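Work through the exercises below with the sequence and the coordinates open. Each task is followed by a solution in steps.

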Amino acid sequence: ESNMAIVEFDLTTGFMPVIETLDSLLIGKIIKRYEVDEGLVTLYFDSLSANPTCIKFKADREVTVADAKAATFTLYDYYDPKLTISQNFLMEVGEGCSD
């Protein structure tokens, strides 16, 4: 199990998160808190384990951008930020975690 962990989603240009879906992560106690700064969504976890954690929230395309950059997520330990993993991903309509 980790210390406090942070996941940052740098969304594809033109997308913004749907706040109500982030609020549902709080209500379900999946996350401790979140912050949104334009297209950057930061989620805070008390800890993470080796077990998979499904994080679902919606994002709306507010602007269509030609040659938009891929989205990126970065996971790191709050107290030891050198423990970091980062991955690019494509934002697809209707994708989600498999149950």
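**Exercise 1. Find which residue of S4 stands opposite Ile6, and describe the pairing of the strands around S1.**

Step 1. Ile6 stands opposite Tyr44 in S4. The model is predicted: local features need pLDDT of at least 70, side-chain atom pairs count only at pLDDT 80 or more, and totals for chains, interfaces and linings use all residues. Residues are numbered from 1 along each chain as its sequence is written, and side-chain values use heavy atoms, with hydrogens and water left out.

Step 2. Strand S1 (residues 5-10) and strand S4 (residues 40-45) run antiparallel and are joined by six bridges. Strands are DSSP runs of E with at least two residues, helices are runs of H or I with at least four, and both are numbered from the N terminus. Two strands pair if DSSP finds at least two bridges between them.

Step 3. S1 also pairs with strand S6 (residues 71-77), again in the antiparallel sense and over six bridges. In this pairing Ala5 stands opposite Asp77.

**Exercise 2. Characterise the hairpin that S3 and S4 form.**

Step 1. Five bridges join S3 to S4, and the two strands run antiparallel. Arg33 stands opposite Tyr44 in S4, and Tyr44 is also the residue opposite Ile6.

Step 2. Two residues lie between S3 and S4 in the hairpin. Glu38, in the turn, has a positive phi of about 60 degrees.

Step 3. Five of the six residues of S4 are buried, where buried means under 20% relative accessible area, exposed over 50%, and partly exposed in between (1.4 Å probe, protein chains only).

**Exercise 3. Is Asp77 buried or exposed, and what surrounds Asp77?**

Step 1. Asp77 is found in strand S6. Asp77 is buried and has no salt bridge; a salt bridge is a side-chain nitrogen of Lys or Arg within 4 Å of a carboxyl oxygen of Asp or Glu.

Step 2. The nearest side chain of opposite charge is Lys82, 9.3 Å away. For charge, Lys and Arg count as positive and Asp and Glu as negative, while His and the chain ends are not counted.

Step 3. The Asp77 side chain reaches the backbone nitrogen of Asp80 at 3.0 Å.

Step 4. With neighbours within four places in sequence left aside, Asp77 is in contact (heavy atoms within 4.5 Å) with Asn3, Met4 and Leu83.

**Exercise 4. How many salt bridges are there, and where do the partners lie?**

Step 1. The count comes to four salt bridges. Among them is the pair Lys69 and Asp10, at 3.5 Å from N to O. This pair links distant parts of the chain, 59 residues apart: Lys69 is in the loop between strand S5 (59-61) and S6, and Asp10 is in strand S1. Lys69 is partly exposed at 38% relative accessible area, and Asp10 is partly exposed at 33%.

Step 2. Lys32 and Asp46 meet in another salt bridge, at 3.3 Å from N to O. Lys32 lies in the loop between helix H1 (19-27) and strand S3 (33-37) and Asp46 in the loop between S4 and S5, so the pair ties together parts that are 14 residues apart in sequence. Lys32 is partly exposed at 49%, whereas Asp46 counts as exposed at 51%.

Step 3. Arg33 forms a salt bridge with Glu35, with the closest N and O atoms 2.8 Å apart. Arg33 is partly exposed at 39%, and Glu35 is partly exposed at 34%.

How values were computed
A polar contact is a pair of N or O atoms within 3.5 Å; within protein, one must be able to donate a hydrogen and the other to accept it, and residues adjacent in sequence count only if both atoms are side-chain atoms.
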